[in-house]
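Some notes on the side-chain pairings follow, with the accessibility of the residues involved. Please read them against the coordinates.

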Amino acid sequence: MQIESLLVNELQLGSRLNAAVENQRRGEFGLLLAMLSADSNDMAQFQFDKHLTIDQKLYKQFQLQQPQKLVDDLSATAEHTNNGAVFHSQGLCQFHLQQSLCPEAIVIRGKHDDAMTQALSNSSHLVRSKYEGLETHYEPTEDMHFVEQLERQRQISQTMIQLTA
């Protein structure tokens with residue numbers, strides 16, 4: 001008989017452990033307990049929230065509200081909290097309630113601070129792309145001689161005549 005998966009904690013047993021106790025099946029109960037891992041880190045109460053940081057675990061344990069964001073970047077996310085419409089439509093009390101339930105950032109701005117945004121808006125596109133770190137690829141253009149231009153125009157006109165005929 002092959003074991004499909006290892007039995008690690010009591011969540012994998014489901015109601016089998018309870019059924020063994022209710023039906024007074026001591027052998028099955030003992031076997032199920034013996035198959036469980038002896039390591040306390042494998043127990044079910046330590047398996048939840050493994051992906052959370054210590055700060056997130058403490059906020060969850062003490063049921064604290066997440067801290068209010070100080071700066072919201074419009075270039076990173078298209079969606080940000082704006083409680084101004086609640087204030088205009090429903091008044092100050094509803095605004096305070098909405099602000100405590102879903103706080104908006106103190107400062108909402110773009111990717112750069114105000115001074116840099118103003119400086120970049122007054123500069124050329126080339127300077128902005130260099131500041132952003134974008135690759136500026138220059139391809140040298142070849143100047144066509146006048147005779148070459150006339151020859152190309154003749155070729156194009158002959159192609160157009162052949163297509164219309």
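1. R25 is partly exposed in this predicted model, its relative accessibility being 35%. Its salt-bridge partner is E28, and 2.7 Å separates the closest N and O atoms of the two. E28 is likewise partly exposed, at 24%. The cut-off for buried is under 20%, so E28, at 24%, falls outside that class.

2. A salt bridge also links E151 and R154, with an N to O distance of 3.4 Å. Both residues belong to helix α8, which covers residues 146-164. They lie three residues apart there, so about one helical turn separates them.

3. Accessibility for this pair: E151 has a relative value of 38% and is classed as partly exposed. R154 is also partly exposed, at 48%. Because exposed requires over 50%, R154 at 48% stays in the partly exposed class.

4. How many salt bridges does the count give? The total is two: R25 with E28, and E151 with R154. The criterion is a side-chain nitrogen of Lys or Arg within 4 Å of a carboxyl oxygen of Asp or Glu, so the 3.4 Å contact between E151 and R154 qualifies.

5. On cysteines, the disulfide count is zero. The rule asks for a pair of cysteine sulfur atoms within 2.5 Å. C93 is exposed, with 69% relative accessible area. C102 has 32% and is partly exposed.

How values were computed:
Residues are numbered from 1 along each chain as its sequence is written. This is a predicted model: local features need pLDDT of at least 70, side-chain atom pairs count only at pLDDT 80 or more; totals for chains, interfaces and linings use all residues. Side-chain values use heavy atoms; hydrogens and water are left out. Buried means under 20% relative accessible area, exposed over 50%, partly exposed in between (1.4 Å probe, protein chains only). Helices (H or I, at least four residues) and strands (E, at least two) are DSSP runs, numbered from the N terminus.
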